[in-house]
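Trainee: I would like a close look at the empty spaces in this protein and at what surrounds them. Please start with the pockets.

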Amino acid sequence: MSNETMSDVAMSDVQRGDETGAAAAPARAGAGWGSALRFTLAMALLLGLLYPLAVVGLGQWLFPHQANASLLADPEGRVLGSTLVGQAFTGERYFQGRPSAVDYAADTLGGSNLAPSNPALRQRVEADAKRITARDGVAPGRIPGDLLTASGSGVDPHISPQAAAIQIARVARARGLREADVRALVARYSDSGGFGQPRVAVLPLNLALDGIATRPLP
């Protein structure tokens, strides 16, 4: 076979190989897109449906009270509030919670975002200090900080034991109770906070003072 013939054969083989590769390229691209689509659908099903259902189901099974907003109800089933959301209490007969920049609106969480140097914040704190001094007979320097500063959420449902302690005498006097009895109630509705920070739950405490029996929902 001449060199020219051999060259023609080799060139023909190369051309056939190129044609075969060109024909296979769309097939490989289609297979790649198919794999990507199947993976995307599988992840969407797993992470968008199965995983959330599993988490919600476990929450409802293991922690039904917490998973349903930690609601408190009276014996007739009427919802009185949530242990996670503070409420505004007025009057001498009740323990007062922390200030709120959003008036305890659970759908408008947030703080005032005022810097410590802001005159409006200083004026508000000074006014609150004067009001607490007149109400509870406590010198401004002895007022716990949480009664003067709002939380970041604006709906903090707890106060410190110190903040509750300065209110015991006033609540007992307004209700005609012994201070020891009110102090015992404060202790009943106190806990460590989970991170070594003792706290008092204001809503359950005030409901107990009113003699309202509560039960967790659901």
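Trainee: What is the volume of the largest pocket?

Mentor: Happy to take you through it. The largest pocket has a volume of about 280 Å³. It has 17 lining residues, and Phe-89, Gln-96, Gly-97, Arg-131 and Arg-135 are the closest to its centre.

A word on the source: this is a predicted model, in which local features need pLDDT of at least 70 and side-chain atom pairs count only at pLDDT 80 or more, while totals for chains, interfaces and linings use all residues. Residues are numbered from 1 along each chain as its sequence is written, and side-chain values use heavy atoms, with hydrogens and water left out.

Rolling a probe the size of a water molecule over the atoms shows where empty space is left. On a 1 Å grid over the protein atoms alone, a pocket is an open set of points with protein on both sides within 12 Å along at least five of seven lines, a cavity is a set where a 1.4 Å probe fits but cannot get out, and lining residues have an atom within 4 Å of a point. Grid points are joined across faces, edges and corners, and a volume is the space filled by probe spheres set on the points.

By class, the largest pocket's lining has six nonpolar, five polar and six charged residues. Here Ala, Val, Leu, Ile, Met, Phe, Trp, Tyr, Cys and Pro count as nonpolar, Asp, Glu, Lys and Arg as charged, and the others, Gly among them, as polar. The second largest pocket, at about 200 Å³, has 15 lining residues, with Ala-101, Ser-112, Leu-121, Arg-124 and Ala-150 nearest its centre. Its lining has eight nonpolar, six polar and one charged residues.

Now for the closed space. There is one cavity of 30 Å³ or more, with a volume of about 40 Å³. Its lining consists of Gly-86, Gln-87, Gly-97, Tyr-104, Asp-156, Pro-157, Val-202 and Leu-203, and divides into four nonpolar, three polar and one charged.

Val-202 and Leu-203 lead us to helix α7, where both are buried. Buried means under 20% relative accessible area, exposed over 50%, and partly exposed in between (1.4 Å probe, protein chains only). Seven of the eight residues of α7 (202–209) are buried, so the rest of the structure largely encloses this helix. Helices (H or I, at least four residues) and strands (E, at least two) are DSSP runs, numbered from the N terminus. The buried residues of α7 pack against elements including β1, β2, α5 and α6, where contact means heavy atoms within 4.5 Å.

Alongside α7 is a sheet. It is open, with three strands in the order β3-β5-β4 and antiparallel pairing. β3 and β4 (190–191) stand at the edges with a single partner strand each, so one side of each has no neighbour in the sheet. Two strands pair if DSSP finds at least two bridges between them, and β4 and β5 are joined by two. One of the bridge partners is Val-200 in β5, matched with Ser-190. α7 packs on this sheet, touching β3 and β5, and its direction makes about 50° with that of β5. Axes are lines fitted to C-alpha atoms, for helices over the stretch in contact, and angles run from 0 to 180 degrees between N-to-C directions.

Finally, Val-200 is also touched by Ser-160, which lies in the loop between β3 and α4.

How values were computed. Lists of a residue's contacts leave out its neighbours within four places in sequence.
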